[in-house]
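Work through the exercises below with the model open. Each solution goes step by step.

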Amino acid sequence: MGSKPIGLQMPSLLRDIFETAVVFLYPAECRVCEEFLGVTSVPYICNNCWQDIQFLELPWCDICGIPGVDGRCDTCAISPPRYGKLRSIAFYQTTLQEAIHLFKFEKKKVLVQHLIQLVNAHRPLDCCIADYDFVLPIPIHKKRLRERGFNQATLLANGIVEAEGVPVLTDMLVRKRHTVAQSSLDREARQQNIVDAFEVRDPDIIRGKNLLVIDDVFTTGATIREAVSELWTADPAEIDVLTLARTLDP
Ligand SMILES: [Zn+2]
Ligand SMILES: [Zn+2]
């Protein structure tokens, strides 16, 4: 099964120690408020800014998780998405946006443990990891994996399921074509960009199973929609989605 991490994604302990040491030896500015960083519980971000992360709170749409809705939102009532439910932990703004940027694009892998802690401390009650047979991170193309050295969704997924013993499948859903970064595109272009980008490698393994798809950020939903649609070709029992962050206004 595809649950074992590949070499490229092994955490580099030395690099983490080095980065932590640099942060302590060369005090810098907080990457969010630009005030003196001081001693912090999270590297690069001051304690005040870290406390400022806005978590999603009930009520939210039973299906897509959009906040401020009791029951189903209008969109889900008219044309429900193909996943069972989508849950997110916090809004993609200021501190969390910067933390994800540092982790993903500046490769500050030391931040991943703090992001995992956020998910594990604030995971909604109706998102119980033990209910799933498999967890699948949204994959990145192997070209991007070579450039970045890790898939942020895989690192998050590994940390989130660690205590639950649910297998993380990293080779089941794959990117069959390289696409430009979704973050560089507007809503319409994102949908076009991601069409037919995914492929299920071994449908027999996930047929009839409960799947949880994990990603770092939910923005327009184009990537999630395409991945979920491809996963349904393998005929699983259910597909739910968990993301660390979601935009305020998709
Ligand atoms: Zn700050
Ligand atoms: Zn909804």
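**Exercise 1: a pair across two strands**

Task: find which residue of E6 Leu-211 stands opposite.

Solution. The model is predicted. Leu-211 stands opposite Ile-239 in E6. Now place the pair in its strands. Strand E5 covers residues 210-218, and strand E6 covers residues 238-246. The two pair in the parallel sense, over 8 bridges.

**Exercise 2: the sheet**

Task: give the strand order of the open sheet and name its edge strands.

Solution. Start with the order: E1-E6-E5-E2, 4 strands with parallel pairing. Next, the edges. Strand E1 (86-91) and strand E2 (134-137) each pair on one side only. Then add the twist, which averages 20 degrees from one strand to the next.

**Exercise 3: helices on the sheet**

Task: state which strands H5 touches and which strands H10 lies across.

Solution. Take helix H5 (residues 112-122). Helix H5 packs on the sheet and touches E1 and E6. Its direction makes about 120 degrees with that of E1. Now take helix H10 (residues 222-232). Helix H10 lies across E5 and E6 and runs at about 165 degrees to E5.

**Exercise 4: the core around Leu-211**

Task: list the contacts of Leu-211 beyond four places in sequence, then place Leu-211 in the largest nonpolar core.

Solution. The contacts are Tyr-132, Phe-134, Leu-136, Ile-206, Leu-231, Pro-236, Glu-238 and Ile-239. The largest nonpolar core has 63 residues. Leu-211 is among those with the most contacts inside it, as are Leu-115, Val-135, Leu-156, Val-213 and Ile-214. Finally, the suppliers. E1, helix H4 (94-104), H5, E2, helix H7 (152-161), E5, H10 and E6 each give at least two residues to this core.

Methods. Residues numbered from 1 in each chain as written. Chains lettered and ligands numbered in written order. Predicted model: local features only at pLDDT ≥ 70, side-chain atom pairs only at ≥ 80, totals over all residues. Pairing = 2+ DSSP bridges. Axes fitted to C-alpha atoms, helices over the stretch in contact; angles between N-to-C directions. Contact = placed C-beta atoms within 7 Å. Core = buried A, V, L, I, M, F, W, Y, C linked by C-beta atoms within 7 Å. Buried ≥ 20, exposed ≤ 12 C-beta atoms within 10 Å, placed from the backbone.
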